[in-house]
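Open the model in your viewer and keep the selection tool at hand. The stops below say what to select next and what is there.

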Amino acid sequence: MAIHPPYPNRPGAPAGPAPRHPHWWQRGWVRYGALITLLALSGLVILALVREQTGTEGFLVGLGLAVFPVPLLIAAFRWLDRVEPGPWRNLFFSFAWGACAAALIAIVANSFATRWIAMTTADPSGADTLGATVIAPVVEESAKAAAVLLVFLFRRRDFTGIVDGVVIAGVTATGFAFTENILYLGTAFGTDQLSGESGLASVTAATFFVRVVMSPFAHPLFTVLTGIGFGVAALSAERQHVRRVLLPLTGLLLAMGMHALWNGSSGFGRFGFFGVYAAFMVPAFGLLTWLVVWTRQRELRTVRAELPVYTAAGWLGPADPWALGSMRARRLARDYARHHFGKGAARSVAEYEAYATSLAFLRHRGRRGRAGADFVVRERELLEQLWRRREIARPALAYAARATAPLPVPPPWPPQRYGQHVAPPARPYGWPAQASAPAPYPAYNPYRS
């Protein structure tokens with residue numbers, strides 16, 4: 001745990017060293033500006049390249065068809081991230097990186113490598129096969145992994161576990177697949193225009209069925225393996241440098257291997273694609289889905305186990321740990337606040353839930369010796385954010401806890417005569433008491449357990 005005070009020294013205490021002013025290239029607006037410029041330029045270049053290859057009409061058709069799976073995939077990854085939802089800016093960056101920067105790197109590098117192999121070996125068909133099964137998986141997965149690495153390094157507070165790695169990697173791959181689908185569908189439409197084919201027998205319909213209907217999760221599935229590697233590394237202690245390097249590399253190699261197997265399935269015979277799809281892709285997708293859902297349930301159990309200490313200290317309400325450990329109770333609390341106090345109150349409850357979840361994960365890492373040097377400062381920040389929202393959030397969470405808690409078994413009552421008054425039973429454990437005056441600001445003690 002950190003031993004440095006979270007706030008400046010009191011008057012009369014010895015002053016610390018003077019703060020160092022960051023250089024101009026270390027300022028936040030400079031970094032954001034450079035990143036936005038890079039992504040914008042990449043988007044313009046990739047737009048020009050795809051439009052040149054497919055034509056304007058093919059580009060518009062490919063764009064209209066490629067957008068179909070994007071909302072579903074984004075919603076699925078956002079659903080997985082509901083326990084501790086990360087900021088939208090990370091998702092916007094991930095999608096933009098995959099759709100613009102990673103796609104541009106892949107198109108340029110794959111074309112250059114395939115052309116070089118064809119010129120060197122004088123075997124164009126062999127160069128295409130080698131490019132699809134070896135070059136493309138290495139280049140594309142490395143380009144997509146760069147987004148996960150950047151979030152891991154520069155948004156460390158938002159990257160705390162496996163689910164975060166899965167979400168960032170999956171959204172990045174969704175953006176990459178979106179641009180790639182525009183290229184493939186637009187090219188297929190151009191082929192149909194030349195041959196005169198249309199309807200279900202067209203190349204466009206076959207490409208749409210294979211890439212959008214059957215395998216919209218292919219690219220996300222590959223890159224999620226890299227995200228899991230980064231997520232497990234995020235759970236490791238900072239002093240475990242070898243583990244934090246090897247785990248992401250292992251995930252990246254697995255992503256490249258599965259990508260190569262998928263691209264090479266067409267060379268396994270007439271039904272090679274369907275064999276690989278049934279034998280590898282579907283089981284892998286099911287296994288990863290189970291892993292992510294199991295991880296999310298474990299996160300809810302962590303929330304319920306770590307927060308009672310803050311309830312005992314007076315920072316949280318009595319019903320908060322139970323309600324925050326249930327996704328149904330969280331939704332009921334937001335609905336209660338929205339119904340009684342409006343959308344602003346529902347947003348405050350959602351923020352309260354997010355801050356309380358971050359606090360539980362922070363304490364969990366601290367107890368396991370994995371917290372950073374800013375543990376005390378971060379804990380104080382989260383507690384103060386919760387304290388500002390307590391007047392709206394606590395009643396909503398108390399209602400949600402009452403609505404979702406298991407009903408107590410009534411005790412056997414003694415027989416009573418007609419008209420005899422019997423005192424009502426006491427409130428069951430966990431139900432809030434009668435409303436009272438708000439509690440005073442609790443004394444802060446980060447080491448209390």
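Helices here are DSSP runs of H or I with at least four residues, numbered from the N terminus. The model on screen is predicted.

**The whole chain**

Begin with everything selected and shown as a cartoon. The chain has 15 helices and zero strands. Of its 449 residues, 43% are buried. Now think about contacts along the chain: among those with a separation of 6 or more, 77% are between residues 24 or more positions apart. Switch on the surface. About 25000 Å² is exposed, and carbon and sulfur atoms supply 66% of that area.

**Stop 1: serine 265**

Select serine 265, in the loop between α8 and α9, where α9 covers residues 272-306. Is serine 265 buried or exposed? Its relative accessible area is 2%, and buried means under 20%, so serine 265 is buried. Leaving out residues up to four places away in sequence, serine 265 touches Gly272, Phe273 and Val276.

**Stop 2: leucine 246**

Go to helix α8, residues 241-263, and select leucine 246. Leucine 246 has 47% relative accessibility, so it counts as partly exposed. Add Val242, Val245 and Leu249 to the selection: with Leu246 they make a nonpolar surface patch of about 370 Å².

**Stop 3: phenylalanine 222**

Next select phenylalanine 222 in helix α7, which spans residues 218-234. Phenylalanine 222 has a relative accessible area of 0%, so it is buried. Which residues does phenylalanine 222 touch, not counting those up to four places away in sequence? They are Glu141, Ala255, Met258, His259, Trp262 and Met281. Then draw a distance from the C-alpha atom of phenylalanine 222 to that of phenylalanine 285: the two are 63 residues apart along the chain, and the distance is 9.7 Å.

**Stop 4: glutamate 141 and lysine 144**

Glutamate 141, one of the residues touched by phenylalanine 222, is the way into the next stop. Select glutamate 141 together with lysine 144; their side chains form a salt bridge, with 2.8 Å from N to O. Both residues belong to helix α4, residues 124-154, where they sit three residues apart, about one turn of the helix. Lysine 144 and glutamate 141 are both buried.

**Stop 5: arginine 157 and glutamate 381**

The structure holds eleven salt bridges, and here is another of them. Select glutamate 381 and arginine 157, whose closest N and O atoms are 3.3 Å apart in a salt bridge. Glutamate 381 is in helix α14, residues 375-388, while arginine 157 is in the loop between α4 and α5, so this pair ties together parts that are 224 residues apart in sequence. Glutamate 381 is partly exposed at 31% relative accessibility, and arginine 157 is also partly exposed, at 43%.

**Stop 6: arginine 331 and aspartate 335**

Move to helix α12, residues 327-341, and select aspartate 335 and arginine 331, which are four residues apart, about one turn of the helix. Their side chains meet in a salt bridge of 3.6 Å, N to O. Aspartate 335 is partly exposed, with a relative accessible area of 32%. Arginine 331 is partly exposed too, with 38%. For a wider view of such pairs, select Arg157, Arg378 and Glu381: salt bridges that share partners join them into one network.

**Stop 7: arginine 370**

Select arginine 370 in the loop between α13, residues 343-367, and α14. Its relative accessible area is 32%, so arginine 370 is partly exposed. What gathers on the surface together with Arg370? Add Arg243, Arg298, Arg301 and Arg368, and the five residues show a patch of positive charge.

**Stop 8: valine 167**

End in helix α5 with valine 167 selected. Valine 167 is buried, with a relative accessible area of 3%. Apart from its neighbours within four places in sequence, valine 167 is in contact with Phe77, Asp81 and Leu91. Add valine 148 for a final distance: valine 148 and valine 167 are 19 residues apart in sequence, and 9.6 Å separates them in space, C-alpha to C-alpha.

How values were computed: Residues are numbered from 1 along each chain as its sequence is written. This is a predicted model: local features need pLDDT of at least 70, side-chain atom pairs count only at pLDDT 80 or more; totals for chains, interfaces and linings use all residues. Side-chain values use heavy atoms; hydrogens and water are left out. Helices (H or I, at least four residues) and strands (E, at least two) are DSSP runs, numbered from the N terminus. Buried means under 20% relative accessible area, exposed over 50%, partly exposed in between (1.4 Å probe, protein chains only). Contact means heavy atoms within 4.5 Å. A salt bridge is a side-chain nitrogen of Lys or Arg within 4 Å of a carboxyl oxygen of Asp or Glu. Patches are made of residues with over 30% relative accessible area and no salt bridge: like charges are joined within 9 Å, nonpolar side chains (Val, Leu, Ile, Met, Phe, Trp, Tyr) within 5 Å. Accessible areas come from the Shrake-Rupley method with a 1.4 Å probe; for residues, only the protein chains shown count as cover. Lys and Arg count as positive and Asp and Glu as negative; His and the chain ends are not counted. The place of a charge is taken as NZ of Lys, CZ of Arg, CG of Asp or CD of Glu.
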